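Here's a quick walk through one protein chain, written for someone who'd rather be at the bench. Have the structure open as you read.

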Amino acid sequence: MEELPAEYTEHNLPYVLLSGLIDEDSQQQQAGSRQRQDSGTRIFADSPLCGEQRARSVLAQLLKWDGRHQPWNAISLPGPTGTLKYRLRSLGRSYTLPPRKAAPLPQSPTTEAPPGRQISHELHSPLSPLSPGSPIFPDGIMTPLWFSKHQYQVPCLIVAFFDFTYAGRADEDDKIKADINAIKLSLSRSGFRTRFAAVLMSEKSIIQSTEMEERFASIRRATSSDAKTGLFFMPPMPSDGEIASFVLGMLTTLQPLCVEYYRELTKHARRKKSRNSVPAGPLPMHGAAQSLSTPGWNARYEIKQAIFAEYRQEMNVAERHYTQVIEDLCDDGGFLESTPNWSPRWDEARLLCDTVALRVIRCHLWNGMTTTAAQFWFEYRSRFKNLIDRKGKGSHTYGWLAWETRWASIMAQLIDLAELPMLETVPRPRNEAPIDLSEFHAYARKDRAFESYENLPPIFLLHHAGYWSRLALTAARARHRSALDIPDDDRVPPGQSPASSVANRVQAYDTYLVPEPHEEWANAQKLGLVDHVQIGQITEQAGAAFTTKNQLRMKEQLDLELAADLMADKLYVRAMDVLAPHWDASIWRDERWHNLFEKLLNMLNRCSIVVKNAEIALATAWEQLCLSDADDSITRTLKELALPSDVKIAVDYQNSDRLSPVDVRFAFDEGDAHAGGLIRCQLILQSRARAGTHPLSISSIEVSFAGQQTIHIRASDDVYEGDHIHELTLLDSAGTAALDISPGQLVVLNFTQTFTEAGPVYVQHICMRFQHPYVVTHTIDDATLLHAQAAYTTHAGSIAAYDTRRENTTHLVVQPKPPKVDITFLNQHKQYYVGEALRLDVRLTNGEAQGVSGSVTSKVTQVDDYDVPSKLSGAPGSEETITGLQPSAEHALVLAVDSVQLATQLTVTLTFSYTLDEATQNVLVQTLETTIPLMPLFEPKWTFGPLLHADIWPTYFDPDKQESLEHPAGIPQRWKAAFSAKSLASNPIIVHRVAMHLKKESQDTAVNIRPSAEHPREDLVPDKLLTRGFELTTTKVSADDRRPFQFEPTCQVDWSHEHDETIHTSQMSVPRLTMPSSEPRVLCTVDQPKGLSTPAEVQYYLENLSTHFLTFALTMQASEDFAFMGAKYRTLSLAPLSRLCVPYKIVPHVVAEAKAEGCWVWPNLQVVDSYYQKTLRIQPAGDNVKLDAQNGLGVFIRQHD
C-alpha cells in the first residue's frame, strides 16, 4: 500500500481538534499533498493555554481514545453503537480552516455558453471538478486532497479547554465568554458544520464553592451553550482514574454530535446525486470530453457517501457504496470504458478504482466476511485483467506484473492490519507439535453465506498473510524477468530514440505506478533481482507470517529461494546471513530431508568459499560427505580456499548439530546386571560417506560412562576390508583397534566392562576424533542418537543383525548383589478371622558364605494402607536386631499382630537389612511379603421388637423427681433383640461368651442391656447356628423429652479354636436402632397359669406416650376358631402419658394335635385412632405371642390336662 497515496489507504476516523491543552501542531503535521489553508477561516482565542501539568494528564487520557494505531476490526474500532475511536489533534489557540468555496473567477461580458449548455455562477468547492483551480478540473473524479481535507483539515468537533480559576475576576470570565462566542462565530462563517464544545477546568469543585456554579451558569447563558453537550465543568481530579472517567463521559456525550456531523454530509452528497443531472460549470465547455460524465459524477458521490459512512464506522454501509463505485468505473459505459488509456484521467481513475477495491476488502474483513473478501480479491483481479487487455495496454507487460505484486501485497497488509481473531495463533516452540491441527489457523472458515457450498475452491477460504506474500513474490520475480527481456530499442532514453520508437513505446508499455521502460531495465540491471522488486522485504514479511502460524518448513523454503536470488545477484554475504540460521538448526537435517538439506549445504558451501569463511566452508564440506555423490567435498573445499600450509585447523561438533559421516551406536548386551559382574558391550561404527570418497581415519574414540570410568580406544595399524567384528581387549580401560573406515563399511567392536557400584549406568558421551586433512572432533551425548536398533553377531562366517528390542540400549541398571538370607513363615493357618490376634512363626536361614548381622523389621497394613500394630518376639517393637548369624544357621522369630475388627486383607512385610561380616560397607536387603485375608466368623440375622414393662409408670406431676442417668424421669420401655448366626469357620470353635453393649453411651437416655438367658460354653461346628437374645430397657432422662432415641449397639463374641486356649474377641455388627418415645402403640401379652383350667387371658395394653388426650375405637372380630369374652366394640379415652389394659378371655374351638402342648389362635382386634382415623398395629410383647405375615397376630393357648 506504500505506492498508493496515504490519504487513499488510511482508515477514516472522526477528526477532533483539542484546543487549549498543549500546542503540538508542529509535531502533528502530516506529510503529503494538502490544500493550503491561508485563505480559509481563522479560528482564534485570546485565552492562554491551560496549566501544563494538568493539561498533559488530560491529554494523555484523551489520546487513549485515538484509534489511528488500532487494528482494523470492529473489536478495536467499534461502530456508533459502541464507543467510537477518533483522530485527535492537540493545538494551541489558533487554527485555520480551508476555504469551503473556490474564489470567483473574473467574468468577461462577451463570454457565451455553447449551444445547449449553461454557465453557472454558483461557487463550488476548491476540489470540485467544476472549479477551474481544482487539480481535477474539468473531468477528474476525485483527488487525494479531498480525503486529506476531511481527515486532516476539517474537524467534526472542536473541544476548547479553559482554565477556570477560583480567584478569577469578572474580566477573566468575560474573556472566556468572548473566546467561546468568537469560535462559534468563526465556525458559522466558515460554512462548515463543525460542532463545538468547551471544557472549564476548575481549581475547586462546585461543592467547595457555590460561587463557581453561578459563574459557570453565567458563562453557559452568555454563550448560548447546550447544557449537556456544549459546556462541561471539570473539577479538580488528583488521580488518573478520575480523569479517565471524566474523559470517557465527555466523549460518550459528544459522540452523537460527531456521528450526526458525518450523517449530514452524507445526506448532502445523496441530495446532489439524486438530481440526476450534470452540474453546470463556471466556464463554457466545448466537447463532451472536457466535462465529467454522469458515471463519473455518480462515482464521486458514491465515494463521498462511503467515506462518510466509514467515518461513522458503519462499514457495511460503506461497502455497499464502494461496490457501486467499482460498477460505475468498470461497467459497460463506465468511466474507464469511456476514457482513452493515454489520458492522465485513465491512470487517476485506475488508481481510484484500486483504492476503492482495497477499501471494499477492508470492509469485508471488518465485518468478518473473510470468504467474501478472498472471492472479491480474485474476481477484481480477473475483471481488471480483462479490462487492461481490452482497453489498456495488455497484461503481458512488466507494469501488469507490478500491479499483481502490489495487489497481492495489499491483501497481505490488509490481513495483518485487521488482526482477525479467526487467524490468530499462539506461537509454539519449533519441536513442540500442536495439540490440534486447527491451532494452525492457516485459513479462516467459510462465511455463513457459503456454508451450503460444498465445492468451494480452497483459495476462497481466506488464508493468512504469508500466502498472499508468496503470490506477490511470484509476480515480483516474473516482473524482473520481464524487465530484463525489454528489447534493446526500448532500453534507450526517449531523448536518444527516434520519435516513432517513442510513440510505439508509449502504446506498448503500461507505466501505471512504475518507471518508464528504459528506467525499468536500468534498475533491473543495476539493482539485481532482490533489490529491484524488493524480494528481500516481501520474503521477510511472508516468512514472519508463516513463522507465526508454525509453518516453519514454508519459512525455510522461502529463505532458500531468497538465498538463491541473492547468489544470482552475487550478494554472497547476504545469502550467508539468510542460510546460516537454517543450517545451524535445520529441520531438514533432523528429519533427514536430504534432498533439501543437500541443496542448502551446496549453496552455503559456495557462499563461504567465495567470502573466505573457512569455518563454515569446512563444516559444510564435512556434512557434504554424507550427501554428495562421488565428490570428496573436503579436498575440493581446501583447494578452493587455498589456505596457507602452516595453518592448523581443528573443529569440534556436537550431536546432530552437524551430520557425521560415521554413524556411531552403542548397546549393552544385558538389560540388567549385578555389581561386580562382567557385562558385554558393543560399539557399532558405520560409514555414511558416499562412494568415491576417501576412507575416513579415526584416530581415537572415547566412551564415557556417567559416574564411572572412561574407555579409550586408539587406532592401530591394522587394516580390514569390508564389514568386520573385532573383539576388543581392554587393559586399564584402554585398547586398540583398526579405525580406518571406507565408505559404507561396518565396524563392530565388542568388549566387556565391570561396574562395582549398584545403580543406573548410562553412556554419557562418545567422542570421535578424525585425522583428515584437518582434525575433527565429533561428540555425541544424545541417547537417541546413540541408541542401537540392532546389534551384530557372527553367524555361519558372516555378520548377522538381530533386534535389540529395548527402548534405550545405552542405559543399564546395575543391581546390587542379591541377598541369600531366606525368610520363611512356619505353621501358617489356612484361614484367619475377624477379631483374631495373629501369631506367625518366622524362620531366618543364612545362605551366605559368611556370617551376617542386621535387623529385622515388620510392617502390617490393611487394604487402605492403615498400619496394624505388630510386635516381634524378643523385641519391644516391630524391629529386632540379629548379630552373628553364621552360615547355614537359623534364627526363629514370632510375629504377633493385633486383632482387626474388619473383614479385610492384611499385607505382612518382613525386611532383613544385614551386612556381611567381611564387607560391612555394603548393606544387603531381603524382603518377604505375604497377604493374609481376614474373613468374618459369623453371619448374623437380627430380630427386634417391643416387650411389656410391667412396672407402674412414673407420674408426670411428681415434684421430687430427679432427672439424671442414674435416676431417669421418663417412661421405661422394654425391647427384645435376638440373633441367629451361622458359623463360617472351617474348623470347630468354642464360644465362651456373647455380650451386647453400646458403642457410645447416650446423655439423654438411660439404657440397660442384659441377656435373656444364661448360656454355658458352647461348641460350635461349621454351619451350626448360634442363637442368643437380649433385653433392653430404655428410659428418657427427662419426661419432657419427646425425641426418638437412636443408638448403635455392638455384639461381642469371645471364642477360641478347638485346640487353642487363646480367647479371641470378634464383634458382630448390629443395625442402627430407632426407639420411638412419643407415639401411641398397642402391645399384646397372654396370661395362662399352668395347671389351671381357667381360660387364657389375652391382654391388650394401649399406651399413650404423647402429651395429648387420645380416643381409640376397639373392635374384636368374631372367629370360628375360638370364643372370646370381652367387649366386641368399645371406645376408650387415654390421658397423656398413660396406658390401659383391655383383657379378653379366649377358649379355642380347635383341638390340639396329639402330644402337642396347645394350639395357635389368631384373634383380630382393630384399634383405630378416632381423630386421625389411623389403625394402630398390635405388636407382640411377651411369650407365646407372635406375628405372622398371613394371619397377623397369633396367641398360643396351652391345652388343659
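What follows covers the model's confidence, one pair of helices and one arginine.

First, keep in mind that this is a predicted model. The protein chain has an average pLDDT of 86, and 93% of the residues reach at least 70. Residues 26-36 are a spot to treat with care: pLDDT is below 50 over that stretch. Even so, residues 26-36 make 23 contacts in the model beyond near neighbours in sequence.

Now for the helix pair. How do α11 and α12 cross? Their axes come within 12 Å and cross at roughly 165°. An angle over 145 degrees counts as roughly antiparallel, so α11 is roughly antiparallel to α12. The crossing itself is right-handed. Here's who takes part from each side:

| Helix | Residues spanned | Residues making the contact |
|---|---|---|
| α11 | 370-391 | A373, A374, W377, Y380, R381, F384, K385 and I388 |
| α12 | 398-418 | W400, W403, E404, W407, A408 and M411 |

Sort the residues of this contact by type and you get 11 nonpolar, three charged and no polar ones.

Further along the chain, have a look at R477, which sits in helix α13 (residues 465-484). Is R477 buried or exposed? The relative accessible area of R477 is 15%, and the cut-off for buried is under 20%, so R477 counts as buried. What does R477 touch, leaving aside its neighbours within four places in sequence? The contacts of R477 are L529, I535, E561, L562 and D565.

Key
Residues numbered from 1 in each chain as written. Predicted model: local features only at pLDDT ≥ 70, side-chain atom pairs only at ≥ 80, totals over all residues. Heavy atoms only, no water. Axes fitted to C-alpha atoms, helices over the stretch in contact; angles between N-to-C directions. Helix = DSSP H or I, 4+ residues; strand = E, 2+ residues; numbered from the N terminus. Parallel < 35°, antiparallel > 145°, perpendicular 65-115°, else oblique. Left-handed = near helix turned anticlockwise from the far one by under 90°. Contact = heavy atoms within 4.5 Å. Nonpolar A, V, L, I, M, F, W, Y, C, P; charged D, E, K, R; others polar. Buried < 20%, exposed > 50% of the residue type's maximum accessible area, 1.4 Å probe, protein only. pLDDT = per-residue confidence, 0-100.
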